[in-house]
Amino acid sequence: MPARPTKPPVSFGLDRLATPIGIALLITDAEGALRALDWEDYEHRMRELLRLHYGLVDLSDQPAPAAMRTALSDYFDGDLGQLSDIAWRIAGTPFQQKVWNALAQIPVGTTMSYGALAARIDTPKAIRAVGHANGSNPISVVLPCHRLIGADGSLVKYGGGLERKRWLLRHEGVAV
């Protein structure tokens, strides 16, 4: 039986950024676009998401673009408008991409329920699917999955842990 052709691994750069809530892992492509942002203590989860979205991935130590590092540092220092300046690129299913693009439209300092986001993307009955896509978001903070909350206002699920979610929301001025 002939061997299956294998795709070569996708190469990305890996950088680390100290933040008030832990070391952020920044995954960038050759053009300097952010492909993933996760936390050092959740590196295994991030690598699994990269594998699911891109197949075999090769990560090599490489500094993220200075402007990206500055924008993220400024955000964590309180200049909350900096995230929109970060270039990012995502893989994933068309539905996941729809959810992730919608996340980017949730204003700083606000929250939204999973159901409200499902309605916003014209799939009002897909609340669980929105939650699942949100949980597969590879670009934490920049695509602000932390701004999604339960219908009753409770903090529910965050890939980086609920304490980080609480910190991010308080940092953005949300009373939690």
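Trainee: Before we look at the sheet in this predicted model, what does it take for two strands to pair?

Mentor: Strands count as paired by a DSSP bridge count. The cut-off, for any two strands, is at least two bridges.

Trainee: Good, so in what order do the four strands of the open sheet run?

Mentor: Pairing in this sheet is mixed, and the sheet is open. Its edge strands, each pairing on one side only, are β3 (34–39) and β4 (57–61). Neighbouring strands are turned by 30° against each other on average, direction ignored. Put together, the order is β3-β2-β1-β4.

Trainee: Which residue of β3 is the bridge partner of Leu26?

Mentor: Start with strand β2 (residues 22–28), which runs antiparallel to β3 and is joined to it by five bridges. Leu26 has its bridge partner in β3, and that partner is Leu37.

Trainee: Helices next: at what angle does α1 run to β3?

Mentor: Helix α1 covers residues 43–54 and lies across β1 (10–19), β2, β3 and β4. Helix α2 (residues 66–76) packs on the sheet too, touching β1, β2 and β3, and its direction makes about 35° with that of β1. For α1 against β3, the angle is about 155°.

Trainee: Glu43 sits in α1. Is Glu43 buried or exposed?

Mentor: Leaving out residues up to four places away in sequence, Glu43 touches Arg16 and Leu25. Buried means under 20% relative accessible area. Glu43 comes out at 19%, so it counts as buried.

Trainee: Back to α2: how wide is the arc that its buried residues fall within?

Mentor: The residues in question are Met68, Ala71, Leu72, Tyr75 and Phe76. Their cover includes β1, β2, β3 and α6, while Ala66 and Ala67 are exposed on the other side of the helix. The buried residues line one face of α2, because seen down its axis they fall within an arc of 135°.

Trainee: Which element gives the most to the largest nonpolar core?

Mentor: That core has 37 residues, and Leu37, Leu72 and Val141 touch the most other members. Elements giving two or more residues are β2, β3, α2, α3 (94–103), α4 and α5. With five residues, the one that gives the most is α2.

Trainee: And how many residues are in the other core?

Mentor: First, a look at Leu37, whose contacts beyond four places in sequence include Leu26, Leu72, Pro138 and Val141. Apart from the largest core lies another, with Leu14, Leu25, Ala36 and Tyr54 among its members, and its residue count is ten.

Trainee: Where is Asp122, with its positive phi?

Mentor: Most residues other than glycine have a negative phi. Asp122 has a phi of about 65° although it is not a glycine. At 65% relative accessibility, Asp122 counts as exposed. Its place is the loop between α4 (114–120) and α5 (127–135).

Trainee: What is the phi of Lys157?

Mentor: Look in the loop between β6 (148–149) and α6 (162–171), where Lys157 sits. Lys157 counts as exposed because its relative accessibility is 71%. Its phi is positive in a residue other than glycine, near 40°.

Trainee: Which residue with a positive phi follows α2?

Mentor: This time it is a glycine, with phi near 115°. The residue that follows α2 is Gly78.

Note on methods:
Residues numbered from 1 in each chain as written. Predicted model: local features only at pLDDT ≥ 70, side-chain atom pairs only at ≥ 80, totals over all residues. Heavy atoms only, no water. Axes fitted to C-alpha atoms, helices over the stretch in contact; angles between N-to-C directions. Contact = heavy atoms within 4.5 Å. Buried < 20%, exposed > 50% of the residue type's maximum accessible area, 1.4 Å probe, protein only. Arc of directions from axis to C-beta. Core = buried A, V, L, I, M, F, W, Y, C linked by side-chain atoms within 4.5 Å.
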